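Ready for a few short exercises at the bench or the screen? Open the structure, try each task yourself, and then follow the worked solution.

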Amino acid sequence: MRTDAVRGHLDGLLLAVLEQGPLHGYAIIAAVQQRSGGVLDLRTGTIYPALNRLERLGLLSSSWESVGERRRRCYALTDAGRGALAGERTAWHEFTTAIGSVLNPSVTPRPAS
């Protein structure tokens, strides 16, 4: 899948994989890839700027942990991030319902709330 295909949904993907607990960057990439069945293969150059932006917005927090000689930065969802994730899920549901109604007109769309 093209990298730009996830551009509008990257924040939601990152927030969702952090919902279960803190992860470091590589684990975030692996979680997105695993959950998508290998379809989404995010690059480090894509996720680290997004993680930094989400942290500046207060949606994530980060801390450093040591693993042997290596240090790695772990990211965690904040309460504001959980709220943003709920909003991302609502927006995604509305978007897919609307697009699905156009692509498959036999499905009756649910009224917007």
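**Exercise 1. Which side chain meets that of Glu65 in a salt bridge?**

Before starting, keep in mind that this model is predicted.

Step 1. The partner is Arg72, and the N to O distance is 3.0 Å.

Step 2. Now check how open the two residues are. Glu65 has a relative accessible area of 32%, so it is partly exposed. Arg72 is partly exposed too, with 29%.

Step 3. Glu65 has another neighbour to note: Arg71 touches Trp64, Glu65 and Ser66, once residues up to four places away in sequence are set aside. Arg71 sits in strand β3 and is exposed, with a relative accessible area of 54%.

**Exercise 2. Work out the order of the strands in the sheet, and find the strands at its edges.**

Step 1. Begin with the whole chain, which holds four helices and three strands. Along the sequence they follow the pattern α-β-α-α-β-β-α.

Step 2. Place the strands side by side. The order in this open sheet is β1-β3-β2, with antiparallel pairing.

Step 3. Find the edges. β1 (23-24) and β2 (60-67) each have a single partner strand, so one side of each lacks a neighbour in the sheet.

Step 4. Count the bridges. Two of them join β1 to β3, which spans residues 70-77, while eight join β2 to β3.

Step 5. Look at Cys74 of β3. His24 has Cys74 as its bridge partner, and Ser63 stands opposite Cys74 as well.

Step 6. Finish at the hairpin of β2 and β3. Two residues lie between these strands, and Gly68 takes a positive phi near 65° there.

**Exercise 3. Is His24 buried or exposed?**

Step 1. Locate the residue: His24 belongs to strand β1.

Step 2. Apply the cut-off, since buried means under 20% relative accessible area. His24 has 17%, so it counts as buried.

Step 3. List what His24 touches beyond four places in sequence: Arg72, Arg73 and Cys74.

**Exercise 4. Describe the largest nonpolar core and the place of helix α2 in it.**

Step 1. Take the core as a whole. It has 22 residues, and those with the most contacts inside it are Leu14, Leu15, Ile28, Leu42, Ile47, Leu51 and Leu60.

Step 2. Ask where these residues come from. The elements giving two or more residues to this core are α1, α2, α3 and β3. Helix α1 gives the most, with five residues.

Step 3. Turn to α2, residues 25-35, where Gly25, Ala27, Ile28, Ile29, Ala31 and Val32 are buried. Their cover includes α1 (10-17), β1, α3 (44-56) and β3.

Step 4. Zoom in on Ile28. Leaving aside neighbours within four places in sequence, Ile28 is in contact with Leu14, Val17, Leu18, Leu23, Ile47, Leu51 and Tyr75.

Step 5. Follow the chain out of the helix: after α2 comes Gly37, with a positive phi near 70°.

**Exercise 5. Trace two salt bridges that start from helix α3.**

Step 1. Start with Arg53, whose side chain meets that of Asp11 in a salt bridge (2.6 Å, N to O). Arg53 lies in helix α3 and Asp11 in helix α1, 42 residues apart, and the pair links distant parts of the chain.

Step 2. Move to Glu55, whose side chain forms a salt bridge with that of Arg73 (2.9 Å, N to O). Since Glu55 lies in helix α3 and Arg73 in strand β3, the pair ties together parts that are 18 residues apart in sequence.

Step 3. Compare with the surface values. Arg53 has a relative accessible area of 31% and is partly exposed. Glu55, at 22%, is partly exposed, and so is Arg73, at 27%.

Step 4. Put these pairs in context: the count of salt bridges comes to five.

**Exercise 6. Which residues make the nonpolar surface patch of about 450 Å²?**

Step 1. The patch is made by Trp92, Phe95, Ile99 and Leu103.

Step 2. Place Trp92 in its element, which is helix α4, residues 79-103. At 44% relative accessibility, Trp92 counts as partly exposed.

Step 3. Set the patch against the whole surface. The protein chain exposes about 7400 Å², and carbon and sulfur atoms supply 55% of it. Of its 113 residues, 27% count as buried.

Definitions and conventions
Residues are numbered from 1 along each chain as its sequence is written. This is a predicted model: local features need pLDDT of at least 70, side-chain atom pairs count only at pLDDT 80 or more; totals for chains, interfaces and linings use all residues. Side-chain values use heavy atoms; hydrogens and water are left out. Two strands pair if DSSP finds at least two bridges between them. Buried means under 20% relative accessible area, exposed over 50%, partly exposed in between (1.4 Å probe, protein chains only). Contact means heavy atoms within 4.5 Å. A nonpolar core is a set of buried Ala, Val, Leu, Ile, Met, Phe, Trp, Tyr and Cys residues joined through side-chain atoms within 4.5 Å. Accessible areas come from the Shrake-Rupley method with a 1.4 Å probe; for residues, only the protein chains shown count as cover. Patches are made of residues with over 30% relative accessible area and no salt bridge: like charges are joined within 9 Å, nonpolar side chains (Val, Leu, Ile, Met, Phe, Trp, Tyr) within 5 Å. A salt bridge is a side-chain nitrogen of Lys or Arg within 4 Å of a carboxyl oxygen of Asp or Glu.
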